[in-house]
Amino acid sequence: MFANGQTVIQLMEQLAPKHLALADDKIGLQLGSLQKEIKVALVALDVTDAVVEEAIRENADLIIAHHPIIYRPLSHLQTDVPAGKLYEKLIKRDIAVYVAHTNLDVADGGVNDMMAAAIGLEKLAPLEPLLSEKLKKLVVFVPESHHAQLLNALFEAGAGWIGQYSHCSFNVTGTGTFLPGEGTNPHIGKQGRLEHVREIRVETIVPESAERRVVQAMLQAHPYEEVAYDVYPLDLQGKTYGLGRVGSLPQPVRLTDFAEQLKRRLDVPYVRLVGDPEREVQTVAVLGGSGRSYMRRAISAKADVFVTGDIDHHTAHDALAAGLAIADVGHHAEKIMKRGVAEALQNKLKALHYSTRVVPSAIDTDPFRLV
């Protein structure tokens, strides 16, 4: 069985929730329809003509891209110009295009985490904190016979995290009472008779973004047709999300050796260095894409070196003056997302027993060539 388009995107938005995107970012479905089966989804960094041809060869129904195919408002749609030809080809082949941009940058396990992991960074924190997720408390009463089943469902849906501790809950045994009325079909007891049942009160923490998913999982795992539960807002902040990452290498390394490691680990043909090649670096800031606007954040984070792309002449001089080394790996280093997203999304689809294939694009969309 193949997943439909809405299901694929729901799973994608578990990986890159839309609420994490920066304001006015162009994300979501940009072209085509999700009201169809998805036999093949192609994951790409950019949507170019070569990528669309690849999608046609793969018989893809959907392209999931990091960079928007439509970034500025369209004043016309002429099919005799490059952009118009591209949109026409996608529409005629019924290939939808969905974009996960800054939400994929910010998300746990997203572009910046992929880059940080490839570089070998430890003890990660956001470079540019953007928001702290609100927390809620879920309280539910369940018969002892279904206690373990319910807890597992809650935790698998995303409940129970406090910092780096998972499966957190508090459980108290007591007696529940209820009287099934006319038209009910009680799991325990009979209509018209007051029941006293040994139940467990379960309390656990739920991130606001996971509330709907956790409640649905709870209702499915619970044996009662009418479930007694409460959701309370808390005056607590959960995980902090942001752009970029700051972390540490296991050991200090010379900047020139670090650059060689970056070439291998990020699979880039070159690294433009700013700073003394012989200096040792250990604290590293990383931000996929264009990082020139975040150079000051890297300095504030006391990074020895900033790994990013698209650094201009004046920003490089400012970094030198401030004592910050820069390793410009190019915007295209974000291509690491193709395999990472494809594998994560494929695993989610397999867990639900869908036959939909998710394929990372093999096309190199870097517009620059060294000569």
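Me: What makes you say that helix 8 (residues 255–265) lies across strand 10, strand 11, strand 12, strand 13 and strand 14?
Reply: Contact here means heavy atoms within 4.5 Å, and helix 8 lies across those five strands, running at about 120 degrees to strand 10. Angles run from 0 to 180 degrees between N-to-C directions, with axes fitted to C-alpha atoms, for helices over the stretch in contact. One caution on the source: this is a predicted model, where local features need pLDDT of at least 70 and side-chain atom pairs count only at pLDDT 80 or more, while totals for chains, interfaces and linings use all residues. Residues are numbered from 1 along each chain as its sequence is written, and side-chain values use heavy atoms, with hydrogens and water left out.

Me: Why are strand 8 (170–178) and strand 11 (272–274) called edge strands?
Reply: Two strands pair if DSSP finds at least two bridges between them. Strand 8 and strand 11 each pair on one side only, in an open sheet of 8 strands with the order 8-9-7-10-12-13-14-11 and mixed pairing. The twist averages 30 degrees from one strand to the next. Strands are DSSP runs of E with at least two residues, helices are runs of H or I with at least four, and both are numbered from the N terminus.

Me: How do you know that strand 12 (residues 280–290) and strand 13 pair?
Reply: They share 4 bridges in the parallel sense, against the required minimum of at least two, so they count as paired. Within this pairing V284 stands opposite V305, and the bridge partner of S290 is G309.

Me: Why is the connection from strand 12 to strand 13 called right-handed?
Reply: The word applies if, with the strands pointing away from the viewer, the path from the first strand over the helix to the second runs clockwise. The chain crosses from strand 12 through helix 9 (residues 295–300) to strand 13, and this β-α-β crossover is right-handed. From strand 13, the chain goes through helix 10 (residues 313–322) to strand 14, again with a right-handed crossover. Strand 13 and strand 14 (residues 325–328) are parallel over 4 bridges, with T308 opposite D328.

Me: Why is strand 13 (residues 305–309) described as largely enclosed?
Reply: Buried means under 20% relative accessible area, exposed over 50%, and partly exposed in between (1.4 Å probe, protein chains only). In strand 13, 5 of the 5 residues are buried, so the rest of the structure largely encloses the strand. Both faces are covered, with V305, V307 and G309 on one side and F306 and T308 on the other.

Me: What makes helix 5 (residues 111–119) mostly covered?
Reply: By that cut-off, 7 of its 9 residues are buried, among them M114, M115 and I119. Just after helix 5, G120 takes a positive phi of about 95 degrees.

Me: Why is one side of strand 2 (28–31) left without a neighbour in its sheet?
Reply: Strand 2 and strand 15 (357–360) stand at the edges and have a single partner strand each, so each has one side unpaired in the sheet. This open sheet has 5 strands in the order 2-6-5-4-15, with mixed pairing. Strand 2 pairs with strand 6 (residues 96–99) in the antiparallel sense over 3 bridges, and G28 stands opposite V99. Helix 11 (residues 336–351) lies across strand 4, strand 5 and strand 15, at about 170 degrees to strand 15.
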